[in-house]
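Student: Could we go through this structure together, one question at a time?

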Amino acid sequence: MTASRAAAWLMLGLCAQRCAAQLPGMPLPAQCVGAAEGPAPRSDLNWPANETKLAQSMRQVDQGQGAEIIFYGDSIFWEYTGENLNGAPTKADLARKAILDKDFANHSYEVAAIPGDESGNLLWRLETGGEFPTIHMPKTVVILIGTNDLSYSDCHEDQQELLNAAPGIVNRVTQIVTYIHTKSPKTQIVLLGILPRGGLYWEKDQAWIWPNRYTAAIAAVNAGYYALAEALPQYVKYVYCGKPYAYEYGMNFEYVEDGIHPNQKGLELLAQCIQKDVDTDLATPMYTN
Ligand SMILES: *[C@@H]1O[C@H](CO)[C@@H](O)[C@H](O)[C@H]1NC(C)=O
Ligand SMILES: *[C@@H]1O[C@H](CO)[C@@H](O)[C@H](O)[C@H]1NC(C)=O
């Protein structure tokens with residue numbers, strides 16, 4: 001089992017509590033909780049322990065040399081860590097870790113990502129969890145978050161319901177950006193658009209369908225991210241790297257592993273897409289320590 005599949009199964013386990021009643025034909029869920037609407041720590045499985053461990057390691061980095069670039073996100077960025085939730089990293093895990101080591105060889109960077117995280121969880125990790133530096137400010141922060149908010153809002157397989165979740169996601173990401181800018185006004189923020197995705201990926205018949213009920217909501221969230229960047233051009237840049245992952249009809253299995261997570265090749269493309277922008281940023285003498 002690869003790491004991201006392990007993550008998928010963990011999320012499935014999580015979903016068994018939160019979404020079991022949402023399968024087609026089942027009664028509508030009374031317990032459907034939707035996305036976390038404000039800053040919230042994780043409470044499911046052993047993820048709080050992951051938050052603690054990540055915060056500790058980010059503090060250590062901050063007390064040492066710091067990092068020029070920090071990647072904040074969910075399972076998609078987590079794949080770059082090469083970690084394996086079931087034990088020792090496999091060859092495939094290590095190959096994923098090598099991607100950033102290669103593309104960001106000339107910079108120090110940290111990946112602060114937790115599988116299954118929503119925007120409200122990331123907001124909490126920054127504001128309260130202690131993951132944002134206090135000593136060595138990053139030159140660039142790269143953010144990819146929001147797709148899990150949509151997963152948790154997907155209670156009735158209804159496009160409008162997902163669309164209704166979009167403003168809340170944009171609002172929380174605005175708070176994330178505001179927090180970072182308040183703590184570190186010179187940090188450049190690269191805000192990535194949510195990538196195309198299939199339906200819930202354990203629903204095998206839906207994982208590879210595109211466009212789907214998520215499509216309009218993803219477009220609405222990304223339009224909100226774009227508008228946010230347009231309003232704050234001095235320090236926020238919107239970057240969309242999602243093109244390779246979907247055809248006009250159907251997700252692209254060449255770059256996507258399970259309908260949602262980029263595979264090795266997909267992660268290489270994503271890193272290259274980000275790198276172009278980050279290198280431009282780091283070359284501008286905007287940031288002086
Ligand atoms: C992170 O959470 C997952 C899911 O519960 C668990 O498998 C893993 O052991 C946790 N990691 C730590 C450091 O506790
Ligand atoms: C790192 O810097 C060297 C020397 O400037 C350059 O040749 C190389 O392409 C850079 N590597 C990356 C991944 O940008």
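Student: Which class, nonpolar, polar or charged, has 5 residues in the shell around ligand 1?

Tutor: This is a predicted model, in which local features need pLDDT of at least 70, side-chain atom pairs count only at pLDDT 80 or more, and totals for chains, interfaces and linings use all residues. Residues are numbered from 1 along each chain as its sequence is written, while chains are lettered from A and ligands numbered from 1 in the order in which they are written. Ala, Val, Leu, Ile, Met, Phe, Trp, Tyr, Cys and Pro count as nonpolar, Asp, Glu, Lys and Arg as charged, and the others, Gly among them, as polar. With 2 polar and 1 charged residues in that shell, the class with 5 is nonpolar.

Student: Which helix gives the most to the shell around ligand 1?

Tutor: The ligand is surrounded by 8 residues, the closest being L45, N46, A49, N50 and L85, where a residue is near if its C-beta atom, placed from the backbone, lies within 6 Å. Helices (H or I, at least four residues) and strands (E, at least two) are DSSP runs numbered from the N terminus. With 4 residues, the leading contributor is helix α2 (residues 47–63).

Student: What is the order of the strands in the open sheet?

Tutor: Strands pair if DSSP finds at least two bridges between them, and β1 (residues 69–73) is joined to β2 in parallel by 5 bridges, with F71 having V111 as its partner in β2. The 5 strands of the sheet pair in parallel, in the order β2-β1-β3-β4-β5.

Student: Why is one side of β2 and of β5 left without a neighbour in the sheet?

Tutor: Both β2 (109–113) and β5 (236–239) stand at the edges of the sheet. One side of each is left without a neighbour because each has a single partner strand.
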